[in-house]
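User: I am new to this structure and would like to understand the reasoning behind its descriptions. Could you walk me through it?

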Amino acid sequence: MPSILQCMDCAQQYPIKCVLYTCKECGGLLDVKHDFASLAAPITRELFDARLGAFAPPYNSGVWRFKELVYPGIEPAAIVSRMEGNTNLYELPRLAEFAGVDALYLKHEGENPTGSFKDRGMTTGVTQARHLGATRVACASTGNTSASMASYAAYAGMQGIVFLQNQEIAMGKLAQGIAYGAKCVQINADFDRNMALVRQVSERLGIYVLNSINPFRLEGQKTIVFEALQQLRWQAPDWIVVPGGNLGNSSAFGKGLLEMLEVGLIDRMPRLAIIQAEGANPLYRYFSGGLNHFQPVKAQTIATAIKIGNPVNLTKAIRTLEWTGGVVEEVSDEQIMNAKAVIDGAGIGCEPASACSLAGAKKLVESGTIKPGDSVLAVLTGHVLKDPEATIGYHADQLAGIAPGYRNPILQADDDIEQIIRLLE
Ligand code: F0G
């Protein structure tokens, strides 16, 4: 097999077919390491470009198009795929203008089968679960991971089990978990505590964990940058901007970008900007404090997807910041919701957490970190339908502490033609 598991801290290695999320020696996070040099054919831009528009699996998936970089040794027949990825890259001058840059590209991961980027990590995670012979898979979730895992587990004929935080899961996500048939346990604890609980319960019951602590998740998620850079004709932008919660994407992007450089798909490293909500900003605090002392926070934000105070992928995200010359920024709930309204109003739409990318890019331009002439790739992580309550609350001006700058209030009328015409004039 050209792939192994390797501890990011002490470099201890483990066979690829092993149920392990952290190093048995030192507790460090594990990487899936591939030996690209051992592959029969070289990895080139042409190899991946030739697969665009493929009808047949596995290359009809925007994850498995990059199979050599994702999981080269897996048999195509073993792959559990819902043709995820293949998401659009939008370039809209008015959104670039809002951010204050000349070139802004929005990679819309809400266009995945269950409406979030999680599907990219779930196709690889559930494929590995099946490869290991697992029949039950579990996760703790703020909502999107559970929606995605529930779908992929059902699709693969496995039992999905999700631990949901007691409050504040967006309605669209809750509905998906139930609809796809997962066992949904609403636990009287926040996400960070649920993360610890799911690991302990799964260990006792022999269930495979599919949170982003599982390194196979990140192998799928790194294809967000592979696909975006392919869409940019392999020309790296100056910046990639991404929301940060449990820091799975940030970690996956760093690994993916380094691999692209290594095999020669890109010739320079973009800088990564990780954006957190002000009320859920442990990485921002740690980074602005010079990485001296990490302190988890009690998280609170309207962007419930990233209401996370103790991210499990912290050390991998720090490594990404080092590799990419990256930065961390925070944005307020009001900035998030206003940026979301601008993205929604442009006809594209996204859920609150996703709008951190645009809000954060704007703030980094205002502070002079991102230059107006820089090219920026911003990742939208989830679909507009995920959190209807936040959207409706914003436009009705019913969100505490948030002054909506881009309201589209619903007009009310009686069954009266004159009144309706007056409203529309
Ligand atoms: N955006 C959305 C829409 C998310 O659902 C998440 C994470 C993030 C951003 C943050 O990504 O964790 O890779 O830094 N949602 C998780 C969940 C935690 O349970 O659905 P990250």
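User: What makes you say where the ligand sits?

Analyst: Happy to explain! In this predicted model, the ligand sits in the largest cavity. A molecule is said to sit in a cavity if more than half of its atoms lie within 2 Å of the cavity's grid points.

User: Which residues surround the ligand?

Analyst: There are 19 of them, and the closest are Ser141, Thr145, Gly245, Leu247 and Thr381. Helix H5 (144–156) and helix H10 (248–263) each supply at least two residues of this shell. By type, the shell divides into six nonpolar, 11 polar and two charged residues.

User: How do you know that serine 141 makes a polar contact with the ligand?

Analyst: The cut-off for a pair of N or O atoms is 3.5 Å. A polar side-chain atom of serine 141 lies 2.8 Å from an oxygen atom of the ligand, so this pair counts as a polar contact. Asparagine 144 also has a polar side-chain atom 2.8 Å from a ligand oxygen. With glycine 245, a polar backbone atom is involved, 2.7 Å from an oxygen atom of the ligand.

User: How much of the ligand does the protein bury?

Analyst: Taken alone, the ligand exposes 480 Å², and the protein buries 99% of that.

User: Why is the pair of tyrosine 21 and tyrosine 208 called tilted?

Analyst: Their ring centres are 6.0 Å apart, and the limit for a pair is 6.5 Å. The planes make an angle of 40°; stacked needs under 30 degrees and edge-to-face over 60, so the pair is tilted. The count comes to six aromatic pairs.

User: What does that tilted pair tie together?

Analyst: Tyrosine 21 lies in the loop between strand E2 (13–14) and strand E3 (30–34), and tyrosine 208 in strand E9 (residues 208–209), so the pair ties together parts that are 187 residues apart in sequence.

User: What is notable about the backbone at leucine 247?

Analyst: Phi of leucine 247 is near 70°, a positive value in a residue other than glycine. Leucine 247 lies in the loop between strand E10 (239–243) and H10.

Technical notes: Residues are numbered from 1 along each chain as its sequence is written. This is a predicted model: local features need pLDDT of at least 70, side-chain atom pairs count only at pLDDT 80 or more; totals for chains, interfaces and linings use all residues. Side-chain values use heavy atoms; hydrogens and water are left out. A residue is near a molecule or strand if one of its heavy atoms lies within 4 Å of it. A polar contact is a pair of N or O atoms within 3.5 Å; within protein, one must be able to donate a hydrogen and the other to accept it, and residues adjacent in sequence count only if both atoms are side-chain atoms. Accessible areas come from the Shrake-Rupley method with a 1.4 Å probe; for residues, only the protein chains shown count as cover. On a 1 Å grid over the protein atoms alone, a cavity is a set of points where a 1.4 Å probe fits but cannot get out, and a pocket is an open set with protein on both sides within 12 Å along at least five of seven lines; lining residues have an atom within 4 Å of a point. Helices (H or I, at least four residues) and strands (E, at least two) are DSSP runs, numbered from the N terminus. Ala, Val, Leu, Ile, Met, Phe, Trp, Tyr, Cys and Pro count as nonpolar, Asp, Glu, Lys and Arg as charged, and the others, Gly among them, as polar.
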